[in-house]
Amino acid sequence: MTTAAASSPRTYQVRTYGCQMNVHDSERISGLLEQAGYVRAAEADENPDVVVFNTCAVRENADNRLYGNLGHLRPVKARHPGMQIAVGGCLAQKDRGEIVRKAPWVDVVFGTHNIGSLPVLLDRARHNAAAEVEILESLDVFPSTLPTRRESTYAGWVSISVGCNNTCTFCIVPSLRGKEKDRRPGDILSEVRALVDEGVLEVTLLGQNVNSYGVEFGDRLAFGKLLRACGDIEGLERVRFTSPHPKDFTDDVIAAMAETPNVCHSLHMPLQSGSDDVLRAMRRSYRADRYLGIIEKVRAAMPDAAITTDIIVGFPGETDADFERTLDVVREARFSSAFTFQYSKRPGTPAATMDGQLPKQVVQERYERLIACVEEITWAENKKLVGETVEVLVAVGEGRKDERTGRMSGRARDGRLVHFATGANGQHGEAGSQAGRIRPGDIVHTTITYAAPHHLNADGEPLSHRRTRAGDAAEAGRAPRTPGVLLGLPTIGAPAVAPAPTTGCAAH
Ligand code: SF4
């Protein structure tokens, strides 16, 4: 293998599959590589010096897709001496050395616990002209102590924990991400402050099970306290979190959400099934009554809360009656949106070898009925907002048709997607002037004029437009970076469009 000329830095691309954990891990991978001197290749660049696949093992056929993609790269690499291919993420953690046996042109395989080793492994592989495979069984460095190249100027993810102590039978996460490791509250809050100092307005606290946060240091109420502490951070306008677990959800979290003004009234709480028998088979230790009980309390404390969920249909052994129970819960819970998944076998999970696997046709029929039921409800819930004024944080890449319709898009405080008219020529206020231009990261108030099942439109003139530092950063082409846990002043770099996760993940 040859190395690139010393004068031109090596370029990289990260290709991300899977859930938000992976998308955030990819921000860390980018941060690490840039700290090591690599520069990001343009998306259209077909010859980057390093391609990193951050993989997901959750979906069936994930490995076929990976090996297919690696196969496509083989001739590219042959034409581009010095190119390196690295595979990380859950599939790497699972398949380990198997990856270089099946695709010997791969240079580096790294796992979910040792992201920080990637630059060294790339160097070593180049130096030795041999593949490096390094997988750790458990975490040695909490990943948020790694430098991170943030993809958004206005919103950031902050990990509060990694791993999971549950054993849901459809889920591969516990075996690949290990036991739950909680990050210290002080470190979390430092990272949140570092982001806010750079102009970020919205933070999403991230963990496989945020409600068990604190289990490691013996404080069952730690998550609610963390939400309240976020409420004290000046300049932080929106706090979200994902994912909670109904088993560990405590009332103090509902109180913290209701009483902390910057915590958004949106809750994404995975249901998975409305049938107690299926929940038992999934080894999810709450029952439908408990789930609905939490929702009732959330609605009592926050009548404007938007509640979203994940549902799996066709779990092994699911009967028609079980499925009807799921529909009952959906009707009662009145979700504002639901990610629905057809059960598919995930190798390595207990459910993959369970009796009672259902024929595809049965699963498909139930799935279609579920979608129809969910959409009827989400549409009815969205229609209630027509005529209401919402606060929108203007986003990048949320409205596919924006260019054609002349709208911009963003999220309301409750998480709903809003496409809004921007006023004359995309300006608001001082029409035609630079100061009136609405930018991603700015805040707009507007009135909803139309509701669809999955989005809202606001086609009148915005009622107000607030320019923010996040908007300034977006306009200037800067993205926040966090150098691990607040190690000095964050630096500024050019932003890029966030890597879109390419598969959904029903992992909670
Ligand atoms: S589904 Fe979520 S809660 Fe269950 S084992 Fe997987 S990560 Fe943990």
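**Figure 1. Strand 14 pairs with strand 15 in this predicted model.** Strand 14 and strand 15 (residues 337-342) run in the parallel sense, and six bridges hold the pairing. One of the bridges puts Thr-309 opposite Ala-338 of strand 15. Strand 14 also pairs with strand 13 (residues 266-268). That pairing is parallel too and has three bridges. Here Ser-266 has Ala-306 of strand 14 as its bridge partner.

**Figure 2. Strand 14 (residues 306-313) is buried along its length.** Eight of its eight residues are buried, so strand 14 is largely enclosed by the rest of the structure. In a regular strand, side chains alternate between the two faces of the sheet. Both faces of strand 14 are covered. Ala-306, Thr-308, Asp-310 and Ile-312 are buried on one side. Ile-307, Thr-309, Ile-311 and Val-313 are buried on the other. For the whole protein chain of 508 residues, 57% count as buried.

**Figure 3. Helix 9 packs against helix 11.** Two packed helices are described by the angle between their axes and the distance between the axes. For helix 9 (residues 251-259) and helix 11 (residues 288-301), the angle is about 25° and the axes are 10 Å apart. An angle under 35 degrees counts as roughly parallel. Helix 9 and helix 11 are therefore roughly parallel to each other. The crossing is right-handed. Helix 9 contributes Asp-251, Ile-254 and Ala-258 to the contact. Helix 11 meets them with Ile-294, Lys-297, Val-298 and Ala-301. By class, this contact has five nonpolar residues, two charged residues and no polar ones.

**Figure 4. Strands 8, 11 and 12 form an open sheet.** The three strands follow the order 8-11-12, with parallel pairing. Strand 8 (155-159) and strand 12 (238-242) are the edge strands, and each pairs on one side only. Neighbouring strands of this sheet are turned by 25° against each other on average, direction ignored. Strand 11 (residues 202-206) and strand 12 share five bridges. In one of these pairs, Thr-204 has Arg-240 of strand 12 as its partner.

**Figure 5. A cis peptide bond joins Thr-242 and Ser-243.** Omega is about -5° at this bond. Ser-243 sits in the loop between strand 12 and helix 9. Most peptide bonds are trans.

**Figure 6. Six parallel strands make up another open sheet.** The strand order is 2-1-3-4-5-6. Strand 2 (39-40) and strand 6 (132-134) stand at the edges. Each has a single partner strand, so one side of each is left without a neighbour in the sheet. Strand 4 (residues 84-89) and strand 5 (residues 108-110) pair in the parallel sense over two bridges. Ala-86 stands opposite Val-108 in strand 5. Helix 1 (residues 20-35) packs on the sheet. It touches strand 1 (11-16), strand 2, strand 3 (50-55) and strand 5. The direction of helix 1 makes about 170° with that of strand 1. Helix 2 (residues 62-79) lies across strand 1, strand 3 and strand 4. Helix 2 runs at about 180° to strand 3.

**Figure 7. Ser-30 of helix 1 is a buried residue.** Its relative accessible area is 1%. Leaving out residues up to four places away in sequence, Ser-30 touches Tyr-12, Val-14, Arg-40, Arg-149 and Glu-151. Across the protein chain, among contacts between residues at least 6 apart in sequence, 74% join residues at least 24 apart.

**Figure 8. Ala-129 and Arg-283 have positive phi values.** Most residues other than glycine have a negative phi. Ala-129 has a positive phi of about 50°. It lies in the loop between helix 5 (118-128) and strand 6. At 49% relative accessibility, Ala-129 counts as partly exposed. Phi of Arg-283 is near 60°. Arg-283 is found in the loop between helix 10 (276-281) and helix 11. Arg-283 is partly exposed, with a relative accessible area of 47%.

Note on methods
Residues are numbered from 1 along each chain as its sequence is written. This is a predicted model: local features need pLDDT of at least 70, side-chain atom pairs count only at pLDDT 80 or more; totals for chains, interfaces and linings use all residues. Side-chain values use heavy atoms; hydrogens and water are left out. Axes are lines fitted to C-alpha atoms, for helices over the stretch in contact, and angles run from 0 to 180 degrees between N-to-C directions. Helices (H or I, at least four residues) and strands (E, at least two) are DSSP runs, numbered from the N terminus. Angles under 35 degrees count as roughly parallel, over 145 as roughly antiparallel, 65 to 115 as roughly perpendicular and the rest as oblique. A crossing is left-handed if the near helix is turned anticlockwise from the far one by less than a right angle, and right-handed if clockwise. Contact means heavy atoms within 4.5 Å. Ala, Val, Leu, Ile, Met, Phe, Trp, Tyr, Cys and Pro count as nonpolar, Asp, Glu, Lys and Arg as charged, and the others, Gly among them, as polar. Two strands pair if DSSP finds at least two bridges between them. Buried means under 20% relative accessible area, exposed over 50%, partly exposed in between (1.4 Å probe, protein chains only).
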